[in-house]
Amino acid sequence: MLNLKTITAGALGLTMIASTSFAQTVIRVQSVIPAKADEVFMLEDFAQDVSDLTNGSLQIEVLPAGAVVGVRETLDAVDSGLIEGGFAWTHYWSGKHPAAMLFGSPVAGAGVGIDNIAFLSWFQYGGGKELYDQLWDEMGVNVKGFMLQPVGPEALGWFKEPINSMADFRKYRFRTPPGIPGQTYKDIGVASVAMGGGDILPALEKGTIDAAEWCCPKPDSVFGFQKVLKHYYLQGLHQVVVNADLYINGDVYEGLTDLEKKALEVAANASLSKAMSYRIYENGKALKDLTENHGVILHDTPEDYFSEYMTAARASLEKNAEENAFFAEVWQSQKDFAEIAVPFWAGAQTSNANLGKAFADTLK
């Protein structure tokens, strides 16, 4: 079995194309998802920005899932230098450190009302980026991370019949994410079943599960859940914020010029905005198609879901904070930020939501 830690520096794989006037560095980035996914489309957009900002001296080549190593080996392969870069959601690495969840998928908005836009405020101006940079040292990996793609909130999910209360919800075997979000469902009595995205539709068709969540209207429709289930609920708490990021081997990153490092930083900041903008429109088009052409019925989530899930999520966060000092430090930073920012932002967003709902109701 290949031991990634034994890979020598010579296997870093940086491609240097040299001439008398121009040198080009190519960083291979293996994704954990198929090449046709929206996340890869936006990653390619990020790569183009990096190329443009460096006049072509730094190129990012996106490889599909499994091109060099298995999905679960991606971060270890970047750490060892077997591949120069990787792309995944931060919470994929919660097994290496539980605090990864607070950056990649802070359950129930970190229990303090942080949505995807407020999360960016914390990350960029509330101390989050500095803690994110520290995360890789806490994991013990030789990696430079760049947060690229915030998504959220994710939909509660798909059901065979309408659910009017948590009592109805508990009747179903429900596909959930792994880790704290899925465990929180178990804590409130939902039969939570974790599985990969590609396994969900076959499991629904076989009756292994009765209901499911994955992400949002566009990715959900690509998987084809509408073929089996017709009742769709947009409002969920399990992944109000979900972030995908880029990992570059630390030695590779240090070997870049100052201009190339700055280009990565600038392109990453641009990607944070562009990814959200892209997803709003794409999900809007997908939801319209689902409801108008596939018989999907959109519902509001039962009120008792929110209080039950939030209470259980807070208990899970507190347990992890008691057991891990860095987790506690990151969560405290989010709580301190929320005390200042969330009262304003929640109030402002209520106006925005009511405004949007008033218009949406006229379309029914």
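# A tour from helix α5 to the nonpolar cores

Start by selecting Gly127, which follows α5 and has a positive phi, near 95°. This is a predicted model, in which local features need pLDDT of at least 70 and side-chain atom pairs count only at pLDDT 80 or more, while totals for chains, interfaces and linings use all residues. Residues are numbered from 1 along each chain as its sequence is written, and side-chain values use heavy atoms, with hydrogens and water left out.

**Helix α5**

Now select residues 116-125, which make up α5. Helices (H or I, at least four residues) and strands (E, at least two) are DSSP runs, numbered from the N terminus. At the N-terminal end of α5, Asp115 acts as a cap, with a side-chain oxygen 3.2 Å from the backbone nitrogen of Ile117. Polar contacts are pairs of N or O atoms within 3.5 Å; within protein, one must be able to donate a hydrogen and the other to accept it, and residues adjacent in sequence count only if both atoms are side-chain atoms.

Within the helix, Asn116, Ala118, Phe119, Leu120, Trp122 and Phe123 are buried. Buried means under 20% relative accessible area, exposed over 50%, and partly exposed in between (1.4 Å probe, protein chains only). Show what these buried residues pack against: α3 (100-104), α6 (128-139), β5 (143-151), β11 (242-249), α12 (258-293) and α14 (325-362). Contact here means heavy atoms within 4.5 Å.

**Aromatic rings**

Phe119, Trp122 and Phe123 of α5 also belong to one aromatic cluster, together with Trp89, Tyr92, Trp93, Phe103, Tyr132, Trp136 and Tyr247. Rings of Phe, Tyr and Trp (its six-membered ring) pair if their centres lie within 6.5 Å; planes under 30 degrees apart count as stacked, over 60 as edge-to-face and the rest as tilted. The structure holds 28 aromatic pairs. One of them joins Phe169 and Phe174 edge-to-face, at 5.0 Å centre to centre and 80° between the planes. Phe169 is buried at 1% relative accessible area, and Phe174 is buried at 0%. Move next to Phe223 and Phe225, a stacked pair with 5.8 Å centre to centre and 10° between the planes. Here Phe223 is partly exposed at 29%, whereas Phe225 is buried at 0%.

Two lysines are worth selecting with their rings. Lys144 lies over the face of Phe146, 5.5 Å from the ring centre, and the charged end of Lys261 sits over Tyr253, 5.1 Å from the centre of its ring. The criterion is NZ of Lys or CZ of Arg within 6 Å of the ring centre and within 35 degrees of the ring normal.

**Nonpolar cores**

A nonpolar core is a set of buried Ala, Val, Leu, Ile, Met, Phe, Trp, Tyr and Cys residues joined through side-chain atoms within 4.5 Å. The largest has 91 residues, and Phe46, Phe169 and Leu264 have the most contacts inside it. α14 gives the most to this core, with 8 residues. Select Leu264: not counting residues up to four places away in sequence, Leu264 touches Phe46, Val50, Leu58, Ile60, Phe146, Ile248, Tyr253 and Leu256. Another core, of 14 residues, lies apart from the largest one and includes Trp158, Met195, Ala212 and Val296.

**Last stop**

Finish at Glu84, in the loop between α2 (74-80) and β4 (85-89). Glu84 is buried, at 0% relative accessible area, and the Glu84 side chain reaches the backbone nitrogen of Arg28 at 2.8 Å.
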